[in-house]
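Please open the model in your viewer and keep the sequence beside it. The tour below moves from one selection to the next and says what is there at each stop.

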Amino acid sequence: MQAPGVALTFDDNRIDNWYKFLPVLDSAGVRATFYISNYNRLKPEQIKKLTAIQQHGHEIAFHTTNHYNMNDYVYKAKHTVDDLMRCEVEAGLKMMNKDGFYPSTFAYPYGAHNGLFDKLLMRYFKSVRALNGTQDYTKSVVPTTKNDVLYGLGIDRSSKRSDGDINTILESAKDNNTCAVFVAHDINSPNKFSVDLGRLLQIIRFVKNHGMKFYTIAEISD
Ligand SMILES: [Zn+2]
C-alpha cells in the first residue's frame with residue numbers, strides 16, 4: 001500500500017516568489033505541483049527559474065494560456081469549445097513545450113469547470129483540478145492513485161481556513177491512507193492569495209512526523 005500524503009499545489013505564475021522559497025521546499029523534501037498560467041508573460045530569467053524548479057523534482061503543470069474563466073469564455077462571451085481548446089489549452093501548451101515543459105495535469109482558473117470541459121481536457125491531461133469551495137473537506141482527501149477530477153482545498157490567507165481545519169484534513173489523510181490536495185498561490189507574501197510560511201511548515205512537520213509523503217498531482221493521477 002502507498003504511504004498517505006499531501007499534494008501541495010501552487011497556481012498562476014509567481015515564479016520569483018516560488019523560486020525564493022525553493023530552498024525551504026527542498027530542505028523539507030517537498031515535491032510540489034506548479035500550475036502555470038500566462039506563460040507568455042514570463043521573462044527569460046523567470047523561465048530559467050521555472051526550469052530550475054522542474055529540475056528540483058517539482059511538477060510543472062498547466063493552468064491555461066490567459067487565465068480566463070472558462071465557463072464565461074464559452075457561455076457568456078460565446079466562443080466555441082473548439083476556440084477554448086485551441087486558444088486556452090493548445091496555444092499555451094505549445095509555448096511551454098518549446099521551452100522543455102510538458103504539463104500532464106491541468107487546473108481550472110477560478111475553479112470554473114463543468115463535465116464537458118473535464119471530458120475534453122482529458123484528451124490532453126491525466127487529471128483536472130477544480131476547487132473545493134465547500135465546508136466538506138472530504139472532497140479534497142483522495143486516493144493516492146488514478147484520480148481524474150480533483151477538488152483542491154484552499155490554504156491561502158483568503159481561504160479563511162484555520163490551522164485546526166488543516167490539521168483535521170491531514171489527520172484524515174493519515175488515518176485513511178489517502179492524499180490531501182491543497183491549493184495556494186504565493187508563499188508568504190503580503191498578497192491575500194498567499195499561504196503563510198508558518199502554515200506551510202505546519203504541513204511539512206505533520207508529513208514528516210507521521211511517515212507520510214509529498215505527491216505531485218501527476219503521481220496521484222496515474
Ligand atoms: Zn489561477
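What follows is a walk through a predicted model, with a selection to make at each stop.

**A pair of helices**

Begin by selecting residues 163–176, which form helix α7, together with residues 197–209, which form helix α8. How do these two helices lie relative to each other, parallel or perpendicular? Their axes come within 11 Å and cross at roughly 25 degrees, and because angles under 35 degrees count as roughly parallel, α7 is roughly parallel to α8. The crossing of the two helices is right-handed. To see what makes the contact, show the side chains of D163, I166, N167, L170, E171 and K174 on α7, and those of R199, Q202, I203 and F206 on α8. Colour these residues by character, and the contact divides into four nonpolar, two polar and four charged residues.

**A serine in α7**

Stay on helix α7 and select S172, which is found in that helix. S172 has a relative accessible area of 13% and is therefore buried, since the cut-off for buried is under 20%. Leaving out residues up to four places away in sequence, you will find S172 touching Y137, V141 and T178.

**The loop before α7**

Now step back along the chain to K160, which lies in the loop between β7 (149–154) and α7. K160 is exposed, with a relative accessible area of 74%. The backbone here deserves a look, for K160 has a positive phi of about 60 degrees although it is not a glycine. Most residues other than glycine have a negative phi.

**Two loops that meet**

Which other residue has a positive phi although it is not a glycine? Select T64, where phi is about 80 degrees, in the loop between β3 (59–62) and α4 (70–76). Whereas K160 is exposed, T64 is buried, with a relative accessible area of 1%. Keep T64 on display and add S37, which has its place in the loop between β2 (33–36) and α3. S37 is likewise buried, at a relative accessible area of 1%. Apart from its neighbours within four places in sequence, S37 is in contact with D12, N13, H63, T64, T65 and H67.

**A leucine in α3**

Continue to helix α3, residues 44–55, and select L50 within it. L50 is buried, and its relative accessible area is 0%. Which residues surround L50, once its neighbours within four places in sequence are left aside? The contacts to display are I15, I36, Y39, L42, I60 and F101. For a sense of distance, draw a line from the C-alpha atom of L50 to that of A184: the two residues are 134 apart in sequence and 17 Å apart in space.

**An aspartate in α5**

Next select D82 in helix α5, which spans residues 81–98. D82 counts as exposed, at 56% relative accessibility. A second line, drawn between the C-alpha atoms of D82 and L120, spans 9.6 Å, although the two residues are 38 apart along the chain.

**Two cysteines**

For the last stop, select C87, which counts as partly exposed at 29% relative accessibility, and then C179, which counts as buried at 0%. How many disulfides are there to find in this model? With a disulfide taken as a pair of cysteine sulfur atoms within 2.5 Å, the count comes to zero.

How values were computed:
Residues numbered from 1 in each chain as written. Predicted model: local features only at pLDDT ≥ 70, side-chain atom pairs only at ≥ 80, totals over all residues. Heavy atoms only, no water. Axes fitted to C-alpha atoms, helices over the stretch in contact; angles between N-to-C directions. Helix = DSSP H or I, 4+ residues; strand = E, 2+ residues; numbered from the N terminus. Parallel < 35°, antiparallel > 145°, perpendicular 65-115°, else oblique. Left-handed = near helix turned anticlockwise from the far one by under 90°. Contact = heavy atoms within 4.5 Å. Nonpolar A, V, L, I, M, F, W, Y, C, P; charged D, E, K, R; others polar. Buried < 20%, exposed > 50% of the residue type's maximum accessible area, 1.4 Å probe, protein only.
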